[in-house]
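Open the model in a viewer and keep the sequence panel visible. The stops below are given as selections, each with a note on what is there.

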Amino acid sequence: MTNSNNDSGGKYFPVLLLLFVGSGCAALIYELVWFHILRLVIGATTMSIGVLLASFMGGMCLGSLLFPALVSPKHHPLRVYAMLEFAIGVLGVTLLFALPALGNVYAESVGYGSAGILLRAAVCAAGLLPPTILMGATLPALARWMETTRIGVSRLGMFYGANIAGAVAGTLLAGFYLLRIYDTHIATYFAVFLNVVVASAALLISKNAPYTPASTTNGGKVEGGSRSGVYVVIGLSGAVSMGAQVVWTRLLALLFGATIYTFTLILAVFLIGLGIGSAIGSWLARKVEQPGRALLICQVAAIACVAFTSIGINIFIPAIKDDVDASVWENPNRAVRYFADLLLIAAVILPATLAWGASFPLALATAARKADDAGRLVARVYAANTVGAIAGSLFFAIVAIPWIGTMNAQRAMAFLAAIGALIMLWAFKQSAAKTSGDAPGRLPWTAGIVVVAALCTFMIRPIPEEMIGYGREVERWQASDEYYYLAEGRDASIAVSRSTMGHQNFHVSGKVVASNLQIDMRIQRMLGHVPALMHENPKTVLIVGCGAGVTAGSFLKHPSIERIVICEIEPKVVEASSEWFKEENYGVLDHPLTTIIYDDARHFLR
């Protein structure tokens, strides 16, 4: 599909790139705002992140697939793009008020526990779909302004990179300024302002830029590979990249603290890497004769990068934090601390994100055909990548980490990347043989990929038990604690250890939250005894957060108590405390008076 702008975008191309930066910035501001709201409506659990990512990416996937089927190429792409941006702004404001209202309506009627969480998640996901569908349609809409020549396909990749660049700006702006200084309302209104500016500029350009939708002639040779193979490869790339974001966020949160700032830094580095990688991939798509070969190399590089990041998180970052003067990490100037954290995070995860970022434009170039509808081409590749990302985020967050742990989850990522490389190898072999006959030998490359995958899988080792125990307090890693229990749950990592002084510690996500030291036992038990003694006739008790269960157990000493309810967000906490602190908590977790609720306490109280 070509148009009158036969130079693949015409003189307005730089301006359109800038507009797409604005689109990406607004989208990520919305994402962080919705994440804040969802934690209040659904609860501060992994489900909140899973619902946000699945609905956000799922809506964008649907939007990219539905757009070429529902919107005719006869419509001016810039006008369509403008209408989409206006509509996103309207829905952004609507959701700002609608999502909290949903929580108010069914907080009492839905109930609590896993079933309640799933129902709340489904309702919220449905609410997020309309704006995210429109977001997903923006790239295919703007793509119709381009041609599917080599230069055109390269510039389509640059649109993707520009969108990511805007996403980086939106992440940092929302995480470190709008939501920290102001609130979700101000952040949303700023995103809406960006939507309106972008839409108005697109409409203005469309009045001065004629558009001719139909032409079947095409200049420039673009490699045509096996499309189905490319779709599978870019889907696996999306699954591995999102799985990596979930797993590495979990691990890095132990080292830097489980705060919104850490989440923002990790997301920013991921997006920066994807953006730079996309720019590199766009350049390669224009320069190399066989972009399929470059796409294959990216998948092999991703295998090695997964192992590199695992080693960096387990060894490199703790060593640096231990060696560098504490004044850097404890500096009262937040900017200094955040910048130091940013550099360390970038040092270990940036290489992998470069490989994944370059894969998208190279996949576009590999799948492109002469006389393609650029919007349909982008929609299919983008949808395949997004479907993989959805599957990866949900699988690694909800299934892989609790069931097989972060070490095996990273090994699974390397395995999936190897599968993608092998599929790309065989698909590229077929396409290259049809075009130039210059194709890599299957057996040598297959053997090489298998060897690389095996070596990298072996290099991925378990995270240090001290990381679960003490997290960012690296200086305490040298203590000769003996660890009795280690587990990586759905929402937290748990450890039980015995110190050199003989007392037992209970660790949650890198912090000691309870122990059987005399001073700690007095505090934990008095938390129960004081309110029970002050009440005339206590009968029912609610404990928010189980911990070692000592506070809950103290109520068993009061004969009037008829029911103890413990609301805990992480099941592994209860498992560890019932096994290793049974004497200290009087076996309260197995007592007939005790009921355990696994849910966010805020929603349970409502």
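The tour goes from the whole chain to one helix, then to two sheets and a single loop residue.

**Whole chain.** Select everything. This is a predicted model. The protein chain has 606 residues, of which 57% count as buried. Its secondary structure consists of 18 helices and seven strands. Among contacts with a separation of 6 or more, 80% are between residues 24 or more positions apart. With a surface display on, the exposed area is about 24100 Å², and carbon and sulfur atoms supply 65% of that area.

**Helix H11.** Select residues 334–367. This is helix H11, with 34 residues. From the first C-alpha to the last it reaches 46 Å, close to the 50 Å expected at 1.5 Å a residue. Now centre on Ile349, where H11 bends by about 50°. A proline, Pro351, follows within four residues of that point.

**The parallel sheet.** Select 540–544, 563–568 and 594–598, which are strands E5, E6 and E7. They form an open sheet in the order E5-E6-E7, with parallel pairing. E5 and E7 stand at the edges with a single partner strand each, so one side of each has no neighbour in the sheet. From one strand to the next, the twist averages 20°. Between E6 and E7 there are five bridges in the parallel sense. To look at one pair, pick Val565 and its bridge partner in E7, Thr595.

**The antiparallel sheet.** Select 482–488, 493–498, 504–508 and 511–515, which are strands E1, E2, E3 and E4. This open sheet has four strands in the order E1-E2-E3-E4, and the pairing is antiparallel. Here E1 and E4 are the edge strands, each with a single partner, so one side of each is left without a neighbour in the sheet. Direction ignored, neighbouring strands are turned by 20° against each other on average. Add residues 571–580 to the selection: helix H17 packs on this sheet and touches E1, E2 and E3. The direction of H17 makes about 155° with that of E1.

**Strand E2 and its two hairpins.** Keep E2 selected and hide the rest of the sheet for a moment. Five of the six residues of E2 are buried. Bring back E1, which is joined to E2 by six bridges. The two form a hairpin with four residues between them. Then show E3, joined to E2 by five bridges. E2 and E3 also form a hairpin, with five residues between them, and Gly502 in the turn has a positive phi of about 100°. In this second pairing, Ile494 has Val508 as its bridge partner. Arg498 is worth labelling on both sides: it is the bridge partner of Glu482, and it stands opposite Gln504 in E3.

**Asp481.** Finish in the loop between helix H14 (465–470) and E1, where Asp481 is placed. Is Asp481 buried or exposed? Its relative accessibility is 12%, so it counts as buried, the cut-off being under 20%. Which residues is Asp481 in contact with, leaving aside its neighbours within four places in sequence? They are Tyr470, Ser497, Arg498, Ser499, Thr500 and Asn505. For a distance label, use the C-alpha atoms of Asp481 and Thr500: these residues are 19 residues apart along the chain, and the atoms are separated by 6.0 Å.

Notes
Residues are numbered from 1 along each chain as its sequence is written. This is a predicted model: local features need pLDDT of at least 70, side-chain atom pairs count only at pLDDT 80 or more; totals for chains, interfaces and linings use all residues. Side-chain values use heavy atoms; hydrogens and water are left out. Buried means under 20% relative accessible area, exposed over 50%, partly exposed in between (1.4 Å probe, protein chains only). Contact means heavy atoms within 4.5 Å. Accessible areas come from the Shrake-Rupley method with a 1.4 Å probe; for residues, only the protein chains shown count as cover. The expected span of a helix is 1.5 Å times one less than its number of residues. The bend at a residue is the angle between axes fitted to the seven residues ending there and the seven starting there. Two strands pair if DSSP finds at least two bridges between them. Axes are lines fitted to C-alpha atoms, for helices over the stretch in contact, and angles run from 0 to 180 degrees between N-to-C directions.
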